[in-house]
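I am opening a notebook on a structure that is new to me. My plan is to look up its sheets, the helices that lie on them and the charged pairs, and to write down what I find.

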Amino acid sequence: MNHHARTPVPTSPAQLLTGPKHPQHTPGGLVGDTPVLWIGEPFTTAGRGFWAKLEGHNPGGIKDRTALYMVRAAKDRGQLRPGARIVESTSGTLGLGLALAGATYGHPVTVVTDPGMEPLMTGLLTAYGAEVDLVTAPHPEGGWQQARRDRVETLLAADADAWCPDQYHNPDNVAAYAPLAHELVAQLGRIDTLVVSVGTGGHSAGIASVLRGFFPGLRVVGVDTTGSTIFGQPAAPRLMRGLGSSIYPRNVAYELFDEVHWVAAPEAVWAARQLARHHYATGGWSVGAVALVSRWLARTLPPEERIVSVFPDGPQRYVGTVFNDVYARQHNLLGQLPADDPDEIDEPTARVVTRWTRCTRVLDPVADAPLELAEAVQ
């Protein structure tokens, strides 16, 4: 797949600095230049903390960046014809980004999702003009995620002009995040540790690869959810959305990670709620999981270590789940204070993890799998 160089490579961090946002002629111009906030006490140990990149300040969240980029690149290559329909599988945030891209570039959008999508998200997508297509039964092996992808294939077969971004395997999903990495360098000057959630692999690979060019010694910490297959654990039902996967996205850059942490839903909920109460900056499952790991790193790494965490979205879509006591009690998410330290395993497949767990050996489960599995997911 050909790539289009859209962001000039700067020769010094000073060249990354941007001025105030100017009046915009299209909604796509509202994306980017998101703020960075210091997260310290009382969420962290006294005298320790980390910086959070607040991607919830984009109109729809972090995936506004990749939706705009993938659509624009496909149009430039002639893969997406004028006025053609965009069809994609999503658990939510990319759907908002594609609705934004559709409004910006003049394309109808169909979002394929499942019953786990929050009513608020369905309402927003409909309000923004997207058509919401709901699958009704999970795939027997690939779960809801594979069921959504199968439905996308059916819709594409019925419309010869329709186009799917394929966020899980499209390299443009990675390239889209170079501007975010440049913003971080301009805002902070030096970064020692990057903490990122991992789902499709787009923003973790896109940000980390660019930052490594500025800071070769950068530590990259991936955050996944229990029940996700991305880093070699077996698939299991997952309550958390926005991170994790029941398939093997090929955009995940395993070679960039120094370690991975799996976080369980109650632990992420505790962290997200603490952030909201004490720092007025929070989000949903991904934000809670990333913040929990960042909190531990801030306590255990040297005090001079500059830690940056990417918060992919804000709290709005999670008012009925993460921040709803009735929902949280129904799913046994309350009253479970996370441990001070993660559990540890030496190999990603050593055992099935059910609580916050860390592993410093990161492997590609497809590259290291038997040949028949590797061929099946290509």
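**Entry 1: a helix across the sheet.** I begin with helix α7, residues 202-214, which lies across β6 (193-197), β7 (219-225) and β9 and runs at about 165 degrees to β6. I note at the outset that what I am reading is a predicted model.

**Entry 2: the sheet of eight strands.** To place those strands I looked up the sheet, which is open, has eight strands in the order β1-β2-β9-β6-β7-β8-β11-β10, and shows mixed pairing. Its edge strands are β1 (36-39) and β10 (343-344), each of which pairs on one side only. At the β10 edge I find two bridges to strand β11, residues 357-359, and the two strands run parallel; within this pairing, R358 in β11 is the bridge partner of E344. A further helix, α6 (residues 178-188), packs on the sheet, where α6 touches β1, β2 (50-54) and β9 (307-311), and its direction makes about 135 degrees with that of β2.

**Entry 3: strand β9.** Since β9 came up under both helices, I looked at it more closely. On one side, β2 and β9 pair in the parallel sense over four bridges, and A52 has S309 in β9 as its bridge partner. With β6, β9 is joined by three bridges, again in a parallel run, and here T193 stands opposite I307 of β9.

Is β9 enclosed or open to the outside? Five of the five residues of β9 are buried, so the strand is largely enclosed by the rest of the structure. I also checked which way the side chains go: I307, S309 and F311 point one way, V308 and V310 point the other way, and all are buried. This fits a rule I keep in mind, that in a regular strand the side chains alternate between the two faces of the sheet.

**Entry 4: the sheet of three strands.** There is also an open sheet of three strands, ordered β3-β4-β5, with parallel pairing. Strands β3 (86-89) and β5 (131-134) stand at its edges with a single partner strand each, so one side of each has no neighbour in the sheet. From one strand to the next the twist averages 20 degrees. Looking at one pairing in detail, I find that β4 (residues 109-113) and β5 run parallel and are joined by four bridges, with V112 standing opposite D133 in β5. Helix α4, residues 143-158, lies across β3, β4 and β5, and runs at about 160 degrees to β3.

**Entry 5: salt bridges.** How many salt bridges does a search of the whole structure find? The search gives 20, and I followed three of them.

The pair I took up to begin with is R65 and E183, whose closest N and O atoms are 3.0 Å apart. R65 lies in helix α1 (residues 63-77) and E183 in helix α6, so this salt bridge ties together parts that are 118 residues apart in sequence. With the cut-off for buried at under 20% relative accessible area, R65 counts as buried at 7% relative accessibility, and E183 counts as buried at 10%.

Next I looked at R148 and D114, whose side chains meet in a salt bridge at 2.6 Å, N to O. The pair links distant parts of the chain, with R148 in helix α4 and D114 in the loop between β4 and α3 (119-127), 34 residues apart. Both R148 and D114 are buried.

I then turned to R358, met earlier in β11, whose side chain forms a salt bridge with that of E259 at 2.7 Å, N to O. This pair too links distant parts of the chain, 99 residues apart, since R358 sits in strand β11 and E259 in strand β8 (residues 259-263). R358 is buried, as is E259. I also note that salt bridges with shared partners join K53, E55, R65 and E183 into one network.

**Entry 6: helix α9.** My last check was on the length of helix α9, residues 285-300. At 1.5 Å a residue its 16 residues should span 22 Å, and the end C-alpha atoms are 23 Å apart, which agrees. Helix α9 is mostly covered, with 13 of its 16 residues buried.

Conventions
Residues are numbered from 1 along each chain as its sequence is written. This is a predicted model: local features need pLDDT of at least 70, side-chain atom pairs count only at pLDDT 80 or more; totals for chains, interfaces and linings use all residues. Side-chain values use heavy atoms; hydrogens and water are left out. Two strands pair if DSSP finds at least two bridges between them. Axes are lines fitted to C-alpha atoms, for helices over the stretch in contact, and angles run from 0 to 180 degrees between N-to-C directions. Contact means heavy atoms within 4.5 Å. A salt bridge is a side-chain nitrogen of Lys or Arg within 4 Å of a carboxyl oxygen of Asp or Glu. Buried means under 20% relative accessible area, exposed over 50%, partly exposed in between (1.4 Å probe, protein chains only). The expected span of a helix is 1.5 Å times one less than its number of residues.
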